[in-house]
Amino acid sequence: MQIGPFFEYWLVTMAALFVIVNPLTTAFAFLSMLPQASEATRATVALRSVTVSTGILFIFALLGGLIFQLFGITLEAFRIAGGIILFGIAMGMIHKGHGESETASTEDHIDGRITNDISIIPLAIPFISGPGAIATVMILTSEAPTIWHISLVFLAIVVSTAACYFAMIYSKYLVRYLGETGKEIVTRLFGIILSVIAVQFVINGVLGVYHGL
């Protein structure tokens with residue numbers, strides 16, 4: 001196994017998943033939904049949402065090949081579809097400053113207590129493990145040439161969701177430091193990176209179809 005291509009695959013994997021998960025947007029949404037909650041409550045909600053979302057991404061990363069076989073889906077078709085989904089999310093991030101998780105709604109709070117559990121919906125789904133993230137891990141594991149490359153996908157999942165956890169825990173400091181303007185700048189930058197990755201997914205899918213003709 002050559003270190004160069006292996007490291008390049010790690011960079012692509014990490015960039016694709018980290019950008020689509022977008023810990024910064026998750027942190028802003030987390031703080032807006034828990035404005036009066038205690039530190040202990042915030043820590044509990046953050047840990048639960050990250051645990052659930054990590055499990056969801058692990059399941060789809062493991063069963064991606066089985067799902068392809070079960071529904072008769074080709075890897076090329078999923079690459080193209082996944083790339084289109086990611087590109088749509090990227091355009092939303094660039095033009096609106098938000099990603100796929102923008103649709104989440106806030107919950108009511110009384111004396112810092114959460115009236116409804118937001119750790120599963122909308123934080124775990126769709127903020128962290130949304131359709132874009134699920135499509136990304138399935139494509140990456142399906143493209144992985146060796147088990148070592150697959151392990152990089154799982155490592156990227158852990159790193160990305162862990163980043164979401166710490167972003168939520170320290171969200172009040174991020175909001176205070178960046179502000180709305182800083183958030184929009186970073187989110188749009190993430191959108192540009194994601195759009196390039198999405199286009200590459202589509203190109204890989206089209207080339208695969210062409211070579212199979």
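**Close-up views of helices α2, α5, α6 and α7**

**View 1. Residue N22 precedes helix α2 in the chain**. With a relative accessibility of 3%, N22 counts as buried (under 20% relative accessible area, where over 50% is exposed and in between is partly exposed; 1.4 Å probe, protein chains only). The model is predicted: local features require pLDDT of at least 70 and side-chain atom pairs pLDDT 80 or more, while totals for chains, interfaces and linings use all residues. Residues are numbered from 1 along each chain as its sequence is written, and side-chain values use heavy atoms, with hydrogens and water left out. N22 lies in the loop between α1 (3-21) and α2; helices are DSSP runs of H or I with at least four residues, numbered from the N terminus. The phi of N22 is near 55°, a positive value in a residue other than glycine. Most residues other than glycine have a negative phi.

**View 2. Helix α2 is largely enclosed by the rest of the structure**. Of its 11 residues, 10 are buried. These are P23, L24, T25, T26, A27, F28, A29, F30, L31 and M33.

**View 3. Helices α2 (residues 23-33) and α5 (residues 119-128) cross at roughly 160°**. Their axes, lines fitted to C-alpha atoms over the stretch in contact, come within 11 Å; angles run from 0 to 180 degrees between N-to-C directions. The two helices are therefore roughly antiparallel (angle over 145 degrees). The crossing is right-handed, the near helix being turned clockwise from the far one by less than a right angle. In this contact (heavy atoms within 4.5 Å), T25, T26, A29, F30 and M33 of α2 meet P122, L123, F127 and I128 of α5. The contact residues comprise seven nonpolar, two polar and no charged; Ala, Val, Leu, Ile, Met, Phe, Trp, Tyr, Cys and Pro count as nonpolar, Asp, Glu, Lys and Arg as charged, and the others, Gly among them, as polar.

**View 4. Helices α2 and α7 (residues 147-169) cross at roughly 35°**. Their axes come within 8 Å, and the crossing is right-handed. P23, T26, A27 and F30 of α2 meet S160, A163, C164, A167 and M168 of α7. By class, this contact has seven nonpolar, two polar and no charged residues.

**View 5. Helix α6 (residues 131-143) is mostly covered**. Buried residues account for 10 of its 13, namely G132, A133, I134, A135, T136, V137, M138, I139, L140 and T141. The end C-alpha atoms of α6 are 18 Å apart, which agrees with the expected span of 18 Å (1.5 Å times one less than the number of residues).

Definitions and conventions
Angles under 35 degrees count as roughly parallel, over 145 as roughly antiparallel, 65 to 115 as roughly perpendicular and the rest as oblique.
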